[in-house]
Amino acid sequence: MFKVNAQLTDLFRLEYSFIPKSKSEDQYTRLRALFNYPIKIKESDYLVFGAEYNRVILNLEDTYPFETSGLNTIHIIDFNLGYTFKWNEKWRFGFKINPRIASTLTRSITNDDIFINGGVYFVTDRMDDTSLIHPYRLVLGLTYNATTGLPFPLPFISYTREINQYWEYNLGVPKSSLKYNINNKNVLLSFVGLDGYLAHLQRPTIVNEQEVDHISLSVIVGGAGYQYFFTEHIMGYMYSGYSFRLNNVLRNENREEIYKLDDRNAFYLRTGIKYKF
């Protein structure tokens, strides 16, 4: 029975994403690096420290009615602190706190560049239970992300179920997928998911006689991918597809939309390598 594509904790990841703007020379590129370091406290209790860095590069080559040099590079830095323990024989509980810096970082960091995110999760994992015909894993949680602009937690759902030794599906929010395990090293999949960011502009821009203080990107993407396991824990991957909804917007201090940089759907590419625990 092939188990290579189990959803595990990423200890290290390097990733490259690319979305070109339709009918334009503009491009969106993201470089991502993250690591997590779990510390065993008890037999089934772990404290997890980690960090993630995203460098978003906006190559704005079109002509705009305002100066775009202050929008070229956006930095998103997350610091992660999490704790997980076995709640009972069936369920595991975990929580995490994620202070975030999301800014153009052209000047010294201020309170406007800092956001506090986090979440709580309940997990039941029976993917290795040989008594089940269709092993499964269920994750239920609530997450709070200050960059969404919503003053309340949002649901996190992930249900993974094995159909047979080759097929496995995942249904959830913010992503879902269907996987086919060719063998212990090769996996094909289709997917749909949400992505995006919001960041503070340290050098506000005047657009349509209004001051712009934030930039945001929200995108829904779907497509197909390939995963290759170099070892049991080291995996390379490439996902390609198309954005069903893309919204790249400049916003004011109250996060109200001032100017839409792009809303045309486009090609999507993401590739990288990760080490999984």
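**View 1. The charged end of Lys274 sits over the ring of Tyr237, 5.2 Å from its centre.** A charge is taken to sit over a ring if NZ of Lys or CZ of Arg is within 6 Å of the ring centre and within 35 degrees of the ring normal. This is a predicted model, in which local features need pLDDT of at least 70 and side-chain atom pairs count only at pLDDT 80 or more, while totals for chains, interfaces and linings use all residues. Residues are numbered from 1 along each chain as its sequence is written, and side-chain values use heavy atoms, with hydrogens and water left out.

**View 2. Arg13 has its place in strand E1, residues 10-20.** Strands (E, at least two residues), like helices (H or I, at least four residues), are DSSP runs numbered from the N terminus. Arg13 counts as buried because its relative accessibility is 11%, where buried means under 20% relative accessible area, exposed means over 50%, and partly exposed lies in between (1.4 Å probe, protein chains only). The side chains of Arg13 and Asp10 are joined by a polar contact of 2.2 Å; such a contact is a pair of N or O atoms within 3.5 Å, and within protein one must be able to donate a hydrogen and the other to accept it, with residues adjacent in sequence counting only if both atoms are side-chain atoms. Leaving aside residues up to four places away in sequence, Arg13 touches Arg32, Ala33, Leu34, Tyr237, Arg270, Ile273 and Lys274, where contact means heavy atoms within 4.5 Å. Tyr237 and Lys274 are thus among the residues that Arg13 touches, and they are also the ring and the charge of the first view.

**View 3. Strand E5 (residues 92-103) pairs in the antiparallel sense with strand E4 (residues 73-86) over 10 bridges.** Two strands are said to pair if DSSP finds at least two bridges between them. Five residues lie between E4 and E5, which form a hairpin, and Phe85 has Phe93 in E5 as its bridge partner. E5 is also joined by 10 bridges to strand E6 (residues 114-125), and these two run antiparallel; here the bridge partner of Pro99 is Ile116 in E6. Phe85 and Phe93 recur in one aromatic cluster, which is formed by Tyr83, Phe85, Trp87, Phe93, Phe95 and Phe122.

**View 4. The structure holds 20 aromatic pairs, two of which are described here.** Rings of Phe, Tyr and Trp (its six-membered ring) pair if their centres lie within 6.5 Å, and planes under 30 degrees apart count as stacked, over 60 as edge-to-face and the rest as tilted. The pair of Tyr64 and Phe66 is tilted, because the ring centres are 5.8 Å apart and the planes stand at 40 degrees; Tyr64 and Phe66 are both buried. Phe191 and Tyr239 form another tilted pair, with 5.7 Å centre to centre and 50 degrees between the planes. This pair links distant parts of the chain, since Phe191 is in strand E11 and Tyr239 is in strand E13, 48 residues apart. Phe191 is buried with a relative accessible area of 14%, and Tyr239 is buried with a relative accessible area of 8%.

**View 5. Gly225 lies in strand E12.** Because its relative accessibility is 11%, Gly225 counts as buried. The C-alpha atoms of Gly225 and Leu188 are separated by 5.9 Å, although the two residues are 37 residues apart along the chain. Without counting residues up to four places away in sequence, Gly225 touches Val187, Leu188, Leu189, Met238 and Tyr239.

**View 6. The largest nonpolar core has 36 residues, of which Leu58, Ile74, Tyr197, Ile215 and Leu250 touch the most other members.** The elements that give two or more residues to this core are strand E3 (46-59), E4, strand E11 (186-207), strand E12 (210-229), strand E13 (234-251) and strand E14 (257-262), and E11 gives the most, with eight residues. A nonpolar core is a set of buried Ala, Val, Leu, Ile, Met, Phe, Trp, Tyr and Cys residues joined through side-chain atoms within 4.5 Å. Not counting residues up to four places away in sequence, Ile215 touches Leu58, Ile74, Tyr197, Leu198, Ala199, Leu201, Asn248, Val249, Leu250 and Leu261.

**View 7. Strand E9 (residues 167-173) is joined to strand E8 (residues 154-162) by six bridges, and the two run antiparallel.** A hairpin through four residues joins E8 to E9, and Arg161 has Tyr169 in E9 as its bridge partner. Tyr169 also stands opposite Leu178 in E10.
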